[in-house]
Amino acid sequence: MATEITDRRAAGRPHWSGRWAFVLAATGSAVGLGNIWKFPYMAGESGGSAFVLVYVACILLVGLPVMVAEIMLGRRAQRNPVDAMAALADEAGAARAWQGLGVMGVVTGVLILSFYSVVAGWMLDYLALSARGGLAGLDAGAAQARFGALLADPLRLLLLHTVFMAMTVVVVGGGVARGLERANKLLMPVLFAIVLMLLAYGVIWGDAAGALSFMFRADFGKITPAVMLAAMGQAFFSLSIGMGAMMAYGSYLDRGASIARCGLTVAAMDTVVALLAGIAIFSIVFAHGLQPAAGPGLVLQTLPIAFGDMRGGAALGTLFFTLLVFAAWTSSISLLEPATAWVTEKTRITRPWASLLLGAATWLLGVTVLLSFNAWQEIRLFGLGIFDALDYLTTNILLPLGGLMIAVFAAWVMQATRVRDELGMRGPFYGVWRFILRYVSPLAIALVFLNLTGLLPRL
Ligand code: PHE
């Protein structure tokens, strides 16, 4: 039974004040720890250019088309991701089971937030440390010991994780206009300014040439199935797609705005920030003879040495960690938003309470994550610690799977006329987008999955 979605403006549903508010919020969601903490260390671990190359290909062939699709689904339905998928499935005469995509997204968001908040807590700690001049004179051994000591201190991690979750809950509880939109309008301009300042520092005083050749000199030999999956997962993670964050944000968007243009802007800004942050960070890393392949501790174990060693390092370090905290904050709110919107719209629980309850559940899960660095270090899930297992499950499996389902739904299940009407795209762009979403993106995701499980001959 196909029923057109008619109540397009459910009574009292909040909206962004305009197209730019949406673009800013979606960019705030996309630009996060993924760009400044994760991207550089993953590139550093996977041989630099090989990873960067596959990553950019994934953004273009999978990330951008899926992002446009996800925003489109949200805006058409004007509902939280779970109800959105139900309404859209009804409209298309498809099985209600598509709701499962929404539920999976809500759950994935909570799972990601549980470890995201713990990592953001590290950034809070280093922000406080550099602000009181604690980085001065740190050498490599001391920097490593400092990070190790933080991980070994569950109470400290708990305090930091709690502070960050509280920051997230307050904004999400504040609602779309007074919470999400206001936070992004305040934080994002500062964030861009700091990225540019760091870049200027890296280019003027760091080893920018070394950074550029490390990141961009093509080395195809290093492209393995594992690198491909990591790069694709990272593309999903960095763009905030595959779990309903963009669907939820899109559902607060007015009809007039061009989704394709918004999506393009967000994806471009996200990629540019990742690349610029990478150049800034590796310039500093190489100028100080540090290791690019330091793993998750890269920005915490190596950069503080550089900050401790340079003139004005305390100020630059403070700026850098401010950047990380702000970036994490505007992303964490989008991880909690789909679940909060669902509970708020489905039950009689008010938004502040919904955000608090869900935040508390996420916080509890996060406690297991922070314990996995110390007391529960021995616990293994599929051979990985709790932190690594959650990261792998969400980034490399759930997000690409969600993205695959979004692509299939938007390009195969929904009626083409409705899709076209919602996008308002004209000319060849629509055809290109649809072709990629129909064939290229699903195939690419499936191939990377199959390739990894060894079902295909190794490339
Ligand atoms: N995109 C965010 C980052 O790069 C993380 C995120 C993933 C946010 C998924 C929302 C949804 O840090």
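Phe435 and Tyr439 are four residues apart in helix H18 (residues 428-452), so about one helical turn separates them. An α-helix has 3.6 residues a turn, so residues three or four places apart point the same way. Keep in mind that this is a predicted model. Each of these two side chains has some contact with the outside: Phe435 counts as partly exposed because its relative accessibility is 48%, and Tyr439 counts as partly exposed too, at 40%. Their ring centres sit 5.2 Å apart with the planes at 45°, so the pair is tilted.

Now go back along the chain to helix H8 (residues 176-205), where Tyr201 and Trp205 are also four residues apart, about one turn of the helix. How buried or exposed is each of them? Tyr201 counts as buried because its relative accessibility is 16%, under the 20% cut-off. Trp205, at 60%, counts as exposed.

Zooming out, the structure holds 25 aromatic pairs. In the Tyr201 and Trp205 pair, the ring centres are 5.3 Å apart and the planes meet at 35°, so this pair is tilted. Elsewhere, ring pairs join Trp37, Tyr41, Phe115, Trp122, Phe147, Phe373 and Phe387 into a cluster.

Rings have charged partners here as well. Back in the H18 stretch, the charged end of Arg438 sits over the ring of Trp412, 3.8 Å from its centre. Lys38, for its part, lies over the face of Phe237, at 4.1 Å from the ring centre.

One last stop is helix H12 (residues 259-287): its 29 residues reach 42 Å from first C-alpha to last, close to the 42 Å expected. Just after H12, Gly289 takes a positive phi of about 65°.

How values were computed
Residues are numbered from 1 along each chain as its sequence is written. This is a predicted model: local features need pLDDT of at least 70, side-chain atom pairs count only at pLDDT 80 or more; totals for chains, interfaces and linings use all residues. Side-chain values use heavy atoms; hydrogens and water are left out. Helices (H or I, at least four residues) and strands (E, at least two) are DSSP runs, numbered from the N terminus. The expected span of a helix is 1.5 Å times one less than its number of residues. Rings of Phe, Tyr and Trp (its six-membered ring) pair if their centres lie within 6.5 Å; planes under 30 degrees apart count as stacked, over 60 as edge-to-face and the rest as tilted. Buried means under 20% relative accessible area, exposed over 50%, partly exposed in between (1.4 Å probe, protein chains only). A charge sits over a ring if NZ of Lys or CZ of Arg is within 6 Å of the ring centre and within 35 degrees of the ring normal.
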